[in-house]
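Student: Please take a close look at a single part of this structure. I should like the details set out in one connected account.

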Amino acid sequence: MAKPLVFQWGDRQLSFQMNKVDRAKLYGFKESEVLDDKGQKCELATLASDGQTVVGRGGSGFGNLTVDGAWIEKAQLTPVDPAGQKVQPVPSSFAAPVPLNEKVPPEDYLDCAVRSIYQLQSPDDVGPLAAELRQGVIYRFPYSFRGGLEPDQGFLLANAEGELFCAIGKPTKVEFLSLAQAAAAYEEEEAGEEDEADAMDFSLM
Amino acid sequence: MPEISLFNSAGRDAVVNLQSVTTPLRVRWLDPQGRQVGTARVVKSTLDRDLEALIEKHGDLRAIGAAIRDQDPELDIETAGRLLSETSRVYVDRGRKIVHRAQEWEVIRNPDGTERTRRRKAIPDPNVGGETPPLKWSGVLIPKREAVRKFVFVQKMQLAHINGLTYDFLFAIAKELESKESLLLLGGGTKSNQPLILRRGGSQFRGFLEGRTKGETYRLVLHLSNLELKAPEEKDSPEQPAEEKAT
């Protein structure tokens, strides 16, 4: 049995098992097959800029370089926040109960780019908490699977059917734009009821 | 800069910028001198020296082990450690040769893994750009409180003006949506019921437009979703979130 995520809600501790929900489980999934002209399966690889070096899966890695271009091991580096303060590691969310004490409006949840969704199931009596979530309350909490430097944002909420979910993601930064300014780009990387239902058909994608 | 062409509720259309929204950098790494370091992608091993290639050349794992001990055949010192940048994605065949005439197929499977259909992979064109018909004002407004309980928003894009006229255009849309505390369903096609395709051959999403204003400033965000917030029909055994990245 997987380790449960335990929330501290008021004076109660409520444990939940997490079941990942994704497109494959809801709608099925697509596999891509690439064949050569003999009908044999091909694999994806990376061609370097010299046009000759071909690197297969696992054939490349990431390293850290100083401003001088010198290789440096991660153990020699110090993590800092945008203000330059050393970042303290956070423990795994599964190591201790996670306090539920921050209710947020829908806008705060909308500001998060959700990466994973889990359906929550509990052997405990979660009726009072579930009732609150079914009223539309959303809780936010810091979430880290293994522990580390940068916790994600977790959100506890109920869907329209009253089932409980945990959404995991990262906050985004969207600027308000004035007439004089264009947004800073953070590159890192007439329907009736029937028509409306049609518009919501996610399985078509 | 990507563009999006859309109508407002009054039936006027405009082409505006569509910008990526990503998460801000929250942790930087400093070297012992306090200088920020960067990351680089480097070559570890090339395809002609991977395990399969070595098996073909040396026969079995025991022989490969001996060869690695004596000759370092897995390592090309001219290539290993080279920085990788401006790379291309290519397909290789079983002989590890680049395939120049590849055929892409899609196999569609049901949630239980059974095959539903098999077809040549289509590469759809984007349907939100300045050269495509403007996206219609669907009129389908979903209160934010309901939307967050029905859909999972996995990506976001920000709409931005390109001149004074489009500033007025977008500010008014943001104000209108803010006053209704709702998201506008934004889709392709005459009935706004087609998914949005932002890039050629890219993923397909349902779009939901959200507006907020603060004084004379605005933010108009296109929330993208390809997943409803609902439980699968058959419950699986509890699954630890093992796919989460270490944070």
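Tutor: In this predicted model, the element that gives the largest share of the lining of the second largest pocket is β3(A), with six residues. Strand β3 of chain A covers residues 29-35. Other elements of chain A that each supply at least two residues of this lining are α1 (23-27) and β4 (43-47). Chain B takes part as well: β5 (88-92), β6 (103-109) and β7 (115-120) of that chain each supply at least two lining residues. The walls of the pocket are thus drawn from both chain A and chain B.

The volume of this second largest pocket is about 990 Å³. Its lining comprises 33 residues, and the closest to the centre of the pocket are A:Lys30 and A:Ser32 from chain A, with B:Glu106, B:Lys121 and B:Gly201 from chain B. Sorted by class, the lining holds 13 charged, 12 nonpolar and eight polar residues.

Since chain A and chain B both line the pocket, the contact between the two chains deserves attention next. Chain A brings 128 residues to this contact, and chain B brings 117 residues. Together the two chains bury about 11300 Å², with 58% of that area on carbon and sulfur atoms.

Polar and charged pairs also cross the interface. Between chain A and chain B, 43 residue pairs are in polar contact, counting pairs in which both residues have pLDDT 80 or more. Nine salt bridges are found across the interface of chain A and chain B. In one salt bridge, the side chain of A:Glu107 meets that of B:Lys144, with an N to O distance of 3.2 Å. On the side of chain A that touches chain B, strand β10 (residues 112-121) of chain A gives the most, with nine residues. That side of chain A has 61 nonpolar, 36 charged and 31 polar residues.

Over all chains, the whole structure contains 27 salt bridges. One pair within chain A joins A:Asp152 and A:Lys170, whose closest N and O atoms are 2.7 Å apart. A:Asp152 belongs to strand β12 (residues 152-158) of chain A and A:Lys170 to strand β13 (residues 164-171) of chain A, so this salt bridge ties together parts that lie 18 residues apart in sequence.

Key: Residues are numbered from 1 along each chain as its sequence is written. Chains are lettered from A and ligands numbered from 1 in the order in which they are written. This is a predicted model: local features need pLDDT of at least 70, side-chain atom pairs count only at pLDDT 80 or more; totals for chains, interfaces and linings use all residues. Side-chain values use heavy atoms; hydrogens and water are left out. On a 1 Å grid over the protein atoms alone, a cavity is a set of points where a 1.4 Å probe fits but cannot get out, and a pocket is an open set with protein on both sides within 12 Å along at least five of seven lines; lining residues have an atom within 4 Å of a point. Grid points are joined across faces, edges and corners, and a volume is the space filled by probe spheres set on the points. Helices (H or I, at least four residues) and strands (E, at least two) are DSSP runs, numbered from the N terminus. Ala, Val, Leu, Ile, Met, Phe, Trp, Tyr, Cys and Pro count as nonpolar, Asp, Glu, Lys and Arg as charged, and the others, Gly among them, as polar. Contact means heavy atoms within 4.5 Å. Buried area is the accessible area (1.4 Å probe) that two parts lose on being put together, summed over both. A salt bridge is a side-chain nitrogen of Lys or Arg within 4 Å of a carboxyl oxygen of Asp or Glu. A polar contact is a pair of N or O atoms within 3.5 Å; within protein, one must be able to donate a hydrogen and the other to accept it, and residues adjacent in sequence count only if both atoms are side-chain atoms.
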